[in-house]
Amino acid sequence: MRSRRALVLLTFNEIEALPKLFDRIPLSAADDVFAVDGGSKDGTVDYLKSKGVRVVGQPRRGRGCAFQVALDATDAEVLCYYSPDGNEDPDDIPKLFETLEAGGFDLVVASRMCRGAHNEEDEGALKPRKWVNQAFTFLANVLWNRGPYVTDTINGFRAVRADALRRCACRVDGFVVEYLMSIRMMKLGLRVGEVPTYESPRLGGQSTAHSWPTGVEFTKQLIKEVLIGRRVA
Ligand SMILES: Nc1nc2c(ncn2[C@@H]2O[C@H](COP(=O)(O)OP(=O)(O)OP(=O)(O)O)[C@@H](O)[C@H]2O)c(=O)[nH]1
Ligand SMILES: [Mg+2]
């Protein structure tokens with residue numbers, strides 16, 4: 001059965017990329033479409049409003065904060081988080097919703113690592129970000145997963161049941177939110193599925209996910225999760 005769906009656009013200074021792909025975003029796949037913006041100063045908010053998209057602000061910067069703001073800003077049963085910077089294929093949005101509903105999953109991740117998927121670094125001989133992501137993913141699976149192996153615990157492009165996400169109590173502000181969500185879903189024994197996705201390069205603008213600070217944030221969170229055991233908070 002089709003759930004009440006929300007499509008959440010996550011933006012922070014995306015005026016270079018967003019207009020290049022906005023018309024490809026399947027807005028009709030969701031019942032509620034809105035953006036959570038981290039304080040853009042480049043016209044992103046005006047652009048979204050000119051397209052009729054409701055924009056919700058955040059009390060603090062960070063994707064983790066944005067995830068929580070989105071959860072509080074809709075009464076939808078399922079949320080799909082989409083980052084319009086060019087990395088994520090908008091055609092996968094309906095697939096994420098449909099897989100979650102048809103498969104009875106609590107979380108469905110667009111995987112850049114499973115069979116049939118493509119990672120931004122796949123063409124290069126060295127794939128540092130991919131390998132580090134796979135190492136964090138391996139640890140999460142070994143430590144907490146009781147279901148089928150999840151190949152990409154980190155990608156932010158995902159659909160999730162609002163009630164399951166509330167149970168995960170992911171009270172973090174930064175980029176670690178998706179990894180934490182995946183870990184907590186595993187700890188709670190909730191059902192995690194994946195669809196293969198094709199990750200492309202950014203279409204403009206700048207990444208704010210700097211490798212070292214993000215890696216440190218992930219390591220600290222992983223240690224915290226080990227220390228609290230099967231608990232989620
Ligand atoms: N709402 C919100 N969105 C954010 C915030 N920080 C980053 N984003 C968005 O989150 C998405 C991912 O951030 P990026 O900086 O592209 O991180 P990344 O995808 O790991 O890096 P690249 O692969 O280089 O693009 C983009 O759409 C950003 O605009 C924030 O504080 N709030
Ligand atoms: Mg990006």
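This is a short talk about a few parts of one predicted model.

Hi everyone, and thanks for coming. Please keep in mind that what we are looking at is a predicted model.

Let's begin with some strands. Find β2, which covers residues 32-37, and β3, which covers residues 54-57. How do these two strands run? They are parallel, and four bridges join them. If you want one pair to look for on the screen, take Asp-37, which has Gly-57 of β3 opposite. Now add helix α2, residues 44-50. Together, β2, α2 and β3 form a β-α-β unit, and that unit is right-handed.

Next, move along to helix α3, residues 63-72. How many of its ten residues are buried? Eight of them are, so to speak, tucked under cover, and the helix is mostly covered. Among the buried ones are Phe-67, Val-69 and Leu-71. Arg-63 is on that list too, and we will meet Arg-63 again in a moment.

That brings us to ligand 1. There are 22 residues around this ligand. Which of them come nearest? They are Glu-14, Gln-58, Gly-62, Arg-63 and Thr-208, and there is our Arg-63 from helix α3. Let's go through three contacts made by oxygen atoms of the ligand. With Glu-14, the partner is an N or O atom of the side chain, at 2.5 Å. With Gly-62, a polar backbone atom is the partner, at 2.6 Å. Thr-208 also offers a polar backbone atom, at 2.7 Å. And how much of the ligand does the protein bury? On its own, ligand 1 exposes 630 Å², and 91% of that is buried by the protein.

There is a second ligand, a magnesium ion. Which residues coordinate this ion? Asp-85 does so through OD and Asn-87 through OD1, at 2.0 Å. Are these two residues buried or exposed? Asp-85 has a relative accessible area of 7%, so Asp-85 is buried. Asn-87 has 18%, and because the cut-off for buried is under 20%, Asn-87 is buried as well.

Let me finish with Glu-194, which sits in strand β7, residues 192-196. Why does Glu-194 count as partly exposed? Because its relative accessibility is 22%, and partly exposed covers the range between the 20% and 50% cut-offs. Now look for Leu-96: along the chain, Leu-96 and Glu-194 are 98 residues apart, yet their C-alpha atoms are separated by 8.2 Å.

That's my tour, and thank you for listening!

Methods:
Residues are numbered from 1 along each chain as its sequence is written. Chains are lettered from A and ligands numbered from 1 in the order in which they are written. This is a predicted model: local features need pLDDT of at least 70, side-chain atom pairs count only at pLDDT 80 or more; totals for chains, interfaces and linings use all residues. Side-chain values use heavy atoms; hydrogens and water are left out. Two strands pair if DSSP finds at least two bridges between them. A crossover is right-handed if, with the strands pointing away from the viewer, the path from the first strand over the helix to the second runs clockwise. Donors are N, O and S atoms within 2.8 Å of the metal (3.2 Å for Na, K and Ca); water is not among the atoms, so sites may look incomplete. Buried means under 20% relative accessible area, exposed over 50%, partly exposed in between (1.4 Å probe, protein chains only). A residue is near a molecule or strand if one of its heavy atoms lies within 4 Å of it. A polar contact is a pair of N or O atoms within 3.5 Å; within protein, one must be able to donate a hydrogen and the other to accept it, and residues adjacent in sequence count only if both atoms are side-chain atoms. Accessible areas come from the Shrake-Rupley method with a 1.4 Å probe; for residues, only the protein chains shown count as cover.
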